[in-house]
Amino acid sequence: MKDTPFDRQLFINMNAAEQEAFLEGLRERRLTSLRKYEELTEAKKLAKDAKTREQLDKMSDKLEKQIEKLEKAFDTVMELALKMQLTVQMLENKE
């Protein structure tokens, strides 16, 4: 096939083999572009998922710290409640 930028060959002037080769080249270029697009889309998706996972990890760490604080505060409250209960019982026994 003699197709150059300066000497273009018309599709209708090509023989069947040349037409098939031309079409196959078009298909390959299209599929190459499509594959590249799919790879880039997948890479973007993975990056987005990684970013989301990173955000979730940070939130999870914060939640764990808040739960630890809550457990300590609850333990303190329960300890004070127990002391108050014991003090009230002691006062009732003295009367």
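Q: How do you know that helix α1 keeps close to the span expected at 1.5 Å a residue?
A: Compare two lengths. In this predicted model, helix α1 covers residues 16-94, which is 79 residues. Its first and last C-alpha atoms are 113 Å apart. The expected span is 117 Å. The two values are close.

Q: What makes up the secondary structure of the chain?
A: The chain has one helix and zero strands.

Q: Why is the chain called more spread out than a compact globule?
A: Set its radius of gyration against the globule rule. The rule gives 12 Å for 95 residues. The chain has 38 Å, well over that value, so it is more spread out than a compact globule. The box around the C-alpha atoms adds to the picture. Along the principal axes, this box is roughly 120 × 20 × 10 Å.

Q: How many of the 95 residues in the chain are buried, as a percentage?
A: A buried residue has under 20% relative accessible area. Buried residues make up 2% of the chain.

Q: What is the accessible surface of the chain, and what share belongs to carbon and sulfur atoms?
A: The surface comes to about 9,200 Å². Carbon and sulfur atoms hold 60% of it.

Q: What makes N15 a cap for α1?
A: Look at its side chain. A side-chain oxygen of N15 lies 3.1 Å from the backbone nitrogen of A17. A polar contact needs N or O atoms within 3.5 Å. The value of 3.1 Å fits, and N15 caps the N-terminal end of α1. N15 itself sits in the segment before α1. A polar atom of its side chain also lies 2.8 Å from the backbone nitrogen of E18.

Q: Why is N15 called partly exposed?
A: Partly exposed covers the range between under 20% and over 50%. N15 has 42% relative accessibility, so it counts as partly exposed.

Q: How do you know that R27 and E20 form a salt bridge?
A: Check the distance. The cut-off is 4 Å, from a side-chain nitrogen of Lys or Arg to a carboxyl oxygen of Asp or Glu. The closest N and O atoms of R27 and E20 are 3.3 Å apart. That is within 4 Å, so the pair is a salt bridge.

Q: What separates E24 and R27 along helix α1?
A: They are three residues apart, which means about one helical turn between them. E24 and R27 also form a salt bridge, with their closest N and O atoms 3.2 Å apart.

Q: Why are E20, E24 and R27 each called partly exposed, rather than buried or exposed?
A: Buried is under 20%, and exposed is over 50%. R27 has 40%. E20 has 43%. E24 has 36%. Each value falls in between, so each residue is partly exposed.

Q: What makes E54 and K58 a salt bridge?
A: Their closest N and O atoms are 3.8 Å apart. The limit is 4 Å, so the pair qualifies. Both residues lie in helix α1, four residues apart, about one turn of the helix. E54 is partly exposed at 47% relative accessibility.

Q: What joins E20, E24 and R27 into one network?
A: Salt bridges that share partners do this. The whole structure has four salt bridges.

Q: Which residues make the nonpolar surface patch of about 320 Å²?
A: L10, F11 and I12 make it. L10 is in the segment before α1.

Q: Where is A43, and why is it called partly exposed?
A: A43 is in helix α1. Its relative accessible area is 42%, between the two limits of 20% and 50%, so it is partly exposed. The C-alpha atoms of A43 and D61 are 27 Å apart, with their positions 18 residues apart along the chain.

Technical notes
Residues numbered from 1 in each chain as written. Predicted model: local features only at pLDDT ≥ 70, side-chain atom pairs only at ≥ 80, totals over all residues. Heavy atoms only, no water. Helix = DSSP H or I, 4+ residues; strand = E, 2+ residues; numbered from the N terminus. Expected span 1.5 Å × (residues − 1). Polar contact = N/O pair within 3.5 Å; in protein donor to acceptor, adjacent residues only side chain to side chain. Buried < 20%, exposed > 50% of the residue type's maximum accessible area, 1.4 Å probe, protein only. Rg over C-alpha atoms; globule rule 2.2 N^0.38 Å. Areas by Shrake-Rupley, 256 points an atom, 1.4 Å probe, with all protein chains shown as cover. Patch = residues over 30% accessible without salt bridge, like charges linked within 9 Å, V, L, I, M, F, W, Y side chains within 5 Å.
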